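User: I'm new to this structure and would like a close look at one part of it. Could you take me through the stretch of strands around strand S12 in chain C, and then show me how that part sits in the rest of the model?

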Amino acid sequence: MKKVLLATTMFVAGASAAAAEVTISGYGRFGAEYVENRGAGLSDTIISSRLRFNIDATTETDAGVTFGARLRFQNDDGDVATVGNNARFSASFSGFTVSVGNVDTAFDSVALTYNSEMGYQDSSFGDSEAAFFAYNSKVGPANYMGVSATYSFGGANLYFSYVNPDQTVSTLPVGISEEIGIAADYTAGQFTVAAAFTSDAAGIVGNDIAFIGAAYAINDAANVGLNYYDNGTTAGGVDRGNQATIYGNYTFGATTVRAYLSDRENDPDTAYGIGADYALGEGARLSGSIQGDFNGNTAADLGVRFNF
Amino acid sequence: MKKVLLATTMFVAGASAAAAEVTISGYGRFGAEYVENRGAGLSDTIISSRLRFNIDATTETDAGVTFGARLRFQNDDGDVATVGNNARFSASFSGFTVSVGNVDTAFDSVALTYNSEMGYQDSSFGDSEAAFFAYNSKVGPANYMGVSATYSFGGANLYFSYVNPDQTVSTLPVGISEEIGIAADYTAGQFTVAAAFTSDAAGIVGNDIAFIGAAYAINDAANVGLNYYDNGTTAGGVDRGNQATIYGNYTFGATTVRAYLSDRENDPDTAYGIGADYALGEGARLSGSIQGDFNGNTAADLGVRFNF
Amino acid sequence: MKKVLLATTMFVAGASAAAAEVTISGYGRFGAEYVENRGAGLSDTIISSRLRFNIDATTETDAGVTFGARLRFQNDDGDVATVGNNARFSASFSGFTVSVGNVDTAFDSVALTYNSEMGYQDSSFGDSEAAFFAYNSKVGPANYMGVSATYSFGGANLYFSYVNPDQTVSTLPVGISEEIGIAADYTAGQFTVAAAFTSDAAGIVGNDIAFIGAAYAINDAANVGLNYYDNGTTAGGVDRGNQATIYGNYTFGATTVRAYLSDRENDPDTAYGIGADYALGEGARLSGSIQGDFNGNTAADLGVRFNF
């Protein structure tokens, strides 16, 4: 069999960079996932896996504007097949990027918000429990249309996103609205701060959500941070309450240990997690975690993740 | 993240060309699309987009025959996901190409027929309103099987195509038939002529359609042309009438302006379009158009298209 | 249009091999397929085709472990579209490979078992008629989870596979079980031997199947072999009987002729096949066969297959 080899770095004919190119990148992960009390008749422990391919095409114009398009093919355990998601298009120039279609939203893109995640599946009960729109990795809504803009300068990033849940109708149904989000993050020396606000998040009228986070790099090996979320309301108007998550990690040699605690308003229980990564080189790692959710159930995972 | 970079041109080990290769090409386009009176409750203006990936695999035999196969993944606004279409296979030798499967048909492949198109979506009300089979870019009929042949020599191209709407049955249902098409185009100096004829087009018995077109390159910058169509009949036997489209375009610097008029037999109204492209380099362009359909409604588009 | 060219072999920047890479490989095949008495109202002769793309991503860690993931997109005549299958993940080190997900099973992977196949579609009535799990090339069961291991040393390969038809339930339904398979093959000089055993094959309780095969390379041009199968039982407990297949092939110049005979226990008829391949170079071939099934019906195929 003749193999078609797409190496990670390769010579390009001529002295100048190619004006148009297609890249395939992504990751694979697989391992054991334990979830206490997963459900009646269900197995608490399964092999959980994901394969993600991003296909990115770009063309750089004479004036230096880079047009791009991305399609993702993602397969998770429990799926029956693999289909591509909806496309995201972008135009970038000098740190400024505008995207349309299946866009990354401000609330989902801002720094720090997922920093308490751990294990080979990068999960955390300390993530925001709010409902909001994000890039759809798999099958998505039919007439969902987003527009986003990001601007990066110095150590700062600004994010704006707008999502229309159904751009084809002249009037959205009662209770459904466009989602508008703004966010910013900034790194100065050992400090990083981040904040995000989204109105009518997930298209739910009145579901206004917020995030503020700060992290401190104690030294080359140790980091600590605090994330605070206003999780907004449900479609029925019930307040989801606020949530605070503290986390830290420490690296010695190839090993990084991680921990977090998360507390929800009006909830007696505290979620927690402890985990460890062992770097295998070239972006591959062996990772495991033990986490407890807000209902007192324990989850654990141990597996491998590798990038390509 | 390690990026897998597929540059547009790259060195190949050894002095000879590779015998087997896979290429990914296609285009992205996005912009605003206005359609007057789109429908009750519908938004007249939407963001309309398309991402198209063609995956082409070829192998060249010792005797110089090139076998090829193509799969297309296309995502349009309004879709929920992206799936590949049905495959097209080909064998090429010395300007002669035979294809099977999801083939390009003669009527759809001949030169000039789409030359009045404009805007970032390459649309025109001056295109033939006939029903006929063409390459299916997305989900297609289950047992559709085509065979096509093209031959190129000098400035001429000959096209033949045969499509069986359901190759698995020994007798097609009443009113359904195989479609057979022939076409030719020829360029000599400033003149190009093209003609096509298809019987039982789209598998509709009695739907015989025809096209004849001519174009003249006045100079390096200006082109004019005339397309004439016999649009055949509907499945119910109603004559779709004839259609004539005149078009022209003029290029100055990076800008190309375009216009067309199209007239249908027994129809009081005339369709029209005026548009402009602004070349951004490397195959990218900003394009817009204002077009009027045969019912007096106006459509307009403005957006970007880039190839890769 | 800028083409993205993925040549079969290309330079990689730097002296060392790339740590992460993505390859696209596969094959196309198309031709005429005749099946006697295909069914009432059905056409006995159709154009049968397949396009298969394998997308393989690998990352090699510092310690020399190679993590891999594969996704396949396959389109066959009669399909309406092309979707990816479920993912297979692997970790390899020094001839030892462990896979999870949509794995290759021992019974399907062992040498010799498909050696009587012929024609451009690589088919044989002499293949085992047993039901067993194998790599799913297209849409597969939702919660199917396999684990397999292979070890290669000298001329020997050892195979182990385990498949849980539904890993999400704590107890499988009555009559359904996990499939466990083991196999081995060994080549020494002109001799190759192979054997496989699978219990509860295809997840059917009590469906224990077996294979033993031997092949002898008479010289550089001629090969003969014998495959013997215990085809297990149906889900209803009916014995599928044993099956023996003898086959041989002979190569002169670019041409290889092939033949087989297959006999089933308690079946008066004998299946047979004669075929020929004509090598076109670079892995492409023209192949045809005439085969007779156990019911006395004849099948024939003639077409092209090319790899990339």
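Analyst: Here is a walk through that stretch, followed by a tour of some other spots and of chain A as a whole.

Keep in mind from the start that this is a predicted model. Its overall scores are ipTM 0.92 and pTM 0.94.

Let's start with strand S12 of chain C, which covers residues 222-230. In a regular strand the side chains alternate between the two faces of the sheet. You can follow that pattern here: C:Asn223, C:Gly225, C:Asn227 and C:Tyr229 make up the covered face. The uncovered face has C:Ala222, C:Val224, C:Leu226, C:Tyr228 and C:Asp230.

Now for the partners. On one hand, S12(C) pairs with S11(C): the two run antiparallel and are joined by eight bridges. If you want a spot to look at, find C:Ala217, which stands opposite C:Asn223 in S12(C). S11(C) and S12(C) form a hairpin, with four residues between them. On the other hand, S12(C) pairs with strand S13 of chain C, residues 242-252, again in the antiparallel sense and over nine bridges. Here a handy marker is C:Leu226, whose bridge partner in S13(C) is C:Ile246.

Step back along chain C and you come to the loop between strand S10 (191-199) and strand S11 (209-217), where C:Ala202 is found. Most residues other than glycine have a negative phi, and most peptide bonds are trans. C:Ala202 goes against the phi part of that, with a positive phi of about 60° although it is not a glycine. C:Ala202 also counts as buried, because 22 other C-beta atoms lie within 10 Å.

Chain B has something to show in its own loop between strand S10 (191-199) and strand S11 (209-217), which is where B:Asp200 is found. B:Asp200 is not a glycine either, yet has a positive phi of about 50°. With 23 other C-beta atoms within 10 Å, B:Asp200 is buried.

While you're in chain B, have a look at strands S15, S16 and S17. Strand S15 (residues 270-281) and strand S16 (residues 284-292) pair in the antiparallel sense over nine bridges. One pair to pick out is B:Asp277 and its bridge partner in S16(B), B:Ser287. The hairpin of S15(B) and S16(B) has two residues between the strands, and B:Glu282 takes a positive phi near 55° there. S16(B) then pairs with strand S17 (residues 298-307), also antiparallel, over eight bridges. In that pairing, B:Leu286 stands opposite B:Val304 in S17(B). The hairpin of S16(B) and S17(B) has five residues between the strands, and B:Gly296 in this hairpin has a positive phi near 85°.

Over in chain A, strand S13 (residues 242-252) holds A:Thr245. A:Thr245 counts as buried because it has 25 C-beta neighbours inside 10 Å, and 20 is enough. Leaving out residues up to four places away in sequence, A:Thr245 touches A:Ser116, A:Gly126, A:Asn227, A:Tyr260 and A:Ser262. As for A:Ala217, it is 28 residues from A:Thr245 in sequence and 17 Å away in space, C-alpha to C-alpha.

A second place to visit in chain A is A:Ser25, in strand S2 (residues 20-35). A:Ser25 is buried too, with 20 other C-beta atoms within 10 Å. A:Ser25 and A:Asp56 are 31 residues apart in sequence, and their C-alpha atoms are 8.2 Å apart in space.

Finally, zoom out to chain A as a whole. Its secondary structure comes to one helix and 17 strands. The C-alpha atoms fill a box of roughly 65 × 50 × 50 Å along the principal axes. For 308 residues, a compact globule would have a radius of gyration near 19 Å, and the 21 Å of chain A agrees with that. Of those 308 residues, 49% count as buried. Among contacts in chain A with a separation of 6 or more, 51% come from residues 24 or more positions apart.

How confident is the predictor in chain A? The average pLDDT is 94, and 94% of the residues score at least 70. The stretch to treat with care is residues 1-17, where pLDDT stays under 50, though the model has 64 contacts for it beyond four places in sequence.

How values were computed: Residues are numbered from 1 along each chain as its sequence is written. Chains are lettered from A and ligands numbered from 1 in the order in which they are written. This is a predicted model: local features need pLDDT of at least 70, side-chain atom pairs count only at pLDDT 80 or more; totals for chains, interfaces and linings use all residues. The radius of gyration is taken over C-alpha atoms; the globule rule is 2.2 Å times the number of residues to the power 0.38. A residue is buried if 20 or more other C-beta atoms lie within 10 Å of its own, exposed if 12 or fewer, and partly exposed in between; C-beta atoms are placed from the backbone. Two residues are in contact if their C-beta atoms, placed from the backbone, lie within 7 Å. pLDDT is the predictor's confidence in each residue, from 0 to 100. Two strands pair if DSSP finds at least two bridges between them.
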